[in-house]
Structures are given as structure tokens and as C-alpha cells.
Amino acid sequence: QYDIGSQILWHSADISLIERPGTHELMMFIYIRDIDAEKKDQLAMEHFMNQESDFVSCLDIRTRRVRIVKDAGALAWLRRRLDSSFLYDPAFQETERIIAPEDREVFMRTFTIENILRQLEQAEDCRLAFWVEHSGTRRRKTLRAFYLPGCQDTVVFIQRDITNLYEEEER
């Protein structure tokens, strides 16, 4: 783990010592590999393992790429169009079509990368409740964005379905 300012970068190192035949000198081979994405995915999942969610994803602010960490089927419509690691902006624009018309404008304004980062300067998270209309169903969702604890270069998104809770409160 390397701490560079507000970024933490994870690497794995394997060191092998062998004896050079004939001279009995020791030789060392070092293999270092980048495990940053896998480690941050693991931390995100460990941090939220007990929370019910439709999906968990991580946004690398530096590259503007998103990795899907957990998907309980909520992103199937998007995954058919994109790989498991994709650029945030095109996927964000694609999301617009499933947000209910009455929530679309505020959703699209709230979850631009620039607005998320502005919100996270002032609060621990950026969140919104909204309606999703997809495949003939209408569900109430919350989306929460926040920094992965200890990593100011990674934003975690967690979406939860709160339809049942919302309907109970409305009664």
C-alpha cells in the first residue's frame, strides 16, 4: 500500500531468493504487480457486505472509469451495452432513459462527477431518492455516492430498492 497525498495505491510484491549454481551467491527476483482495482473492490464489498443493495460500483476519479463490484441484476440492462469496466459519462447518459420523467432532471444534475465531488467536499455523501421505470415496472430507488474510506480517488456508488419501505410510509 502506497499513500500518495489523498490517494492510496495497492501493489503486491513477490520476492524469490535463489542460489546461483556454482558460486553460491544469492540472487533475488522481485515481481511487483498492481492490485489497486481488486483491493478497492474488496474494501468496498467488505464495508457494505451487510447492506442490501441493487448494485455497488466504484468510480476511479482519475480515469473516470467505473467498475461494477456487485450487481444483483439491477444493471443487466446496462451490462448488455458495456463491459464490466466502463467510462462513467456514456453510462451516466444511458441511465437517463430509465429514470422517471419527474426525477430525471434532478438525477442528471446531482450525479455528474463534478457535482458529486463538490458535494463530497461539504458532506460525507451525495444521495438521492428517485423513481426508475424499466421493463414495465416502477420502483423507488436511492443512490448514494461517497469516497471509499481512506481513498479520495475512488467514489463508491450503492443503489438500494426502497419501494416497499416507501409504500409502507405512504400508507
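## Salt bridges, cores and a surface patch

At 29% relative accessibility, Asp161 is partly exposed. The model worked on here is predicted.

**Exercise: the partners of Asp161**

Identify the strands that hold Asp161 and Arg139, then classify the exposure of Arg139 and of Lys141.

*Solution.*
- Start with Arg139. Its salt bridge with Asp161 has its closest N and O atoms 2.9 Å apart.
- Place this pair. Arg139 lies in strand β9 and Asp161 in strand β10, so the bridge links distant parts of the chain, 22 residues apart.
- Turn to Lys141. Asp161 also forms a salt bridge with Lys141, where the closest N and O atoms are 3.2 Å apart.
- Place that pair too. Lys141 is in strand β9, and 20 residues separate it from Asp161 in β10.
- Classify the basic residues. Lys141 is buried, because its relative accessibility of 9% falls under 20%. Arg139, at 30%, is partly exposed.
- Look further. Asp60, Arg62 and Asp153 are joined into one network by salt bridges that share partners. The structure holds 12 salt bridges.

**Exercise: a bridge with two environments**

In the salt bridge of Arg127 and Asp125, which side chains meet, and at what N to O distance? Then classify each partner as buried or exposed.

*Solution.*
- Take the distance. The side chains of Arg127 and Asp125 meet at 2.4 Å, N to O.
- Apply the cut-offs. Arg127 has 54% relative accessibility and is therefore exposed, being over 50%. Asp125 has 12% and is therefore buried, being under 20%.

**Exercise: the sides of α5**

Which residues of helix α5 are buried, and why do they lie on the same side?

*Solution.*
- List the buried residues of α5, which spans residues 113-122: Ile113, Asn115, Ile116 and Leu120.
- Check their directions. They cover an arc of only 160° around the axis, so they sit on the same side of α5.
- Inspect the face turned away from the buried side. Glu121 and Gln122 are exposed there.

**Exercise: the nonpolar cores**

Find the members of the largest nonpolar core that touch the most other members.

*Solution.*
- Begin with the general trend. Nonpolar side chains in soluble globular proteins tend to be buried together.
- Pick out the best-connected members. The largest core has 25 residues, and Tyr88, Phe107, Phe111, Ile116, Val155 and Phe157 touch the most others.
- Trace the elements. Those giving two or more residues include α3 (88-95), α4 (101-110), α5 and β10 (151-161). β8 supplies the largest share, four residues.
- Follow Tyr88. Beyond its neighbours within four places in sequence, Tyr88 contacts Leu59, Arg64, Val66, Phe111, Ile113, Ile116 and Phe157.
- Separate the second core. This one has 10 residues, among them Ile8, Ile35, Phe146 and Val156.

**Exercise: nonpolar residues at the surface**

Which strand gives the most residues to the nonpolar surface patch?

*Solution.*
- Name the patch: Ile15, Leu17, Leu26, Met28, Ile30 and Ile32, together with about 670 Å² of accessible area.
- Assign strands. β3 (11-19) and β4 (26-34) each supply at least two residues. β4 gives the most, four.
- Test one member. Ile15 is found in strand β3. Ile15 counts as exposed because its relative accessible area, 53%, is over 50%.

**Exercise: the whole chain**

How many helices and strands are there, and what percentage of the residues counts as buried?

*Solution.*
- Count elements: six helices and 10 strands.
- Take burial: 37% of the 171 residues count as buried.
- Add the surface. About 10500 Å² is exposed, 49% of it supplied by carbon and sulfur atoms.
- Finish with contacts. Among those between residues at least 6 apart in sequence, 41% join residues at least 24 apart.

Methods:
Residues are numbered from 1 along each chain as its sequence is written. This is a predicted model: local features need pLDDT of at least 70, side-chain atom pairs count only at pLDDT 80 or more; totals for chains, interfaces and linings use all residues. Side-chain values use heavy atoms; hydrogens and water are left out. Patches are made of residues with over 30% relative accessible area and no salt bridge: like charges are joined within 9 Å, nonpolar side chains (Val, Leu, Ile, Met, Phe, Trp, Tyr) within 5 Å. Accessible areas come from the Shrake-Rupley method with a 1.4 Å probe; for residues, only the protein chains shown count as cover. A salt bridge is a side-chain nitrogen of Lys or Arg within 4 Å of a carboxyl oxygen of Asp or Glu. Buried means under 20% relative accessible area, exposed over 50%, partly exposed in between (1.4 Å probe, protein chains only). The arc is that of the directions from the helix axis to the C-beta atoms. A nonpolar core is a set of buried Ala, Val, Leu, Ile, Met, Phe, Trp, Tyr and Cys residues joined through side-chain atoms within 4.5 Å. Contact means heavy atoms within 4.5 Å.
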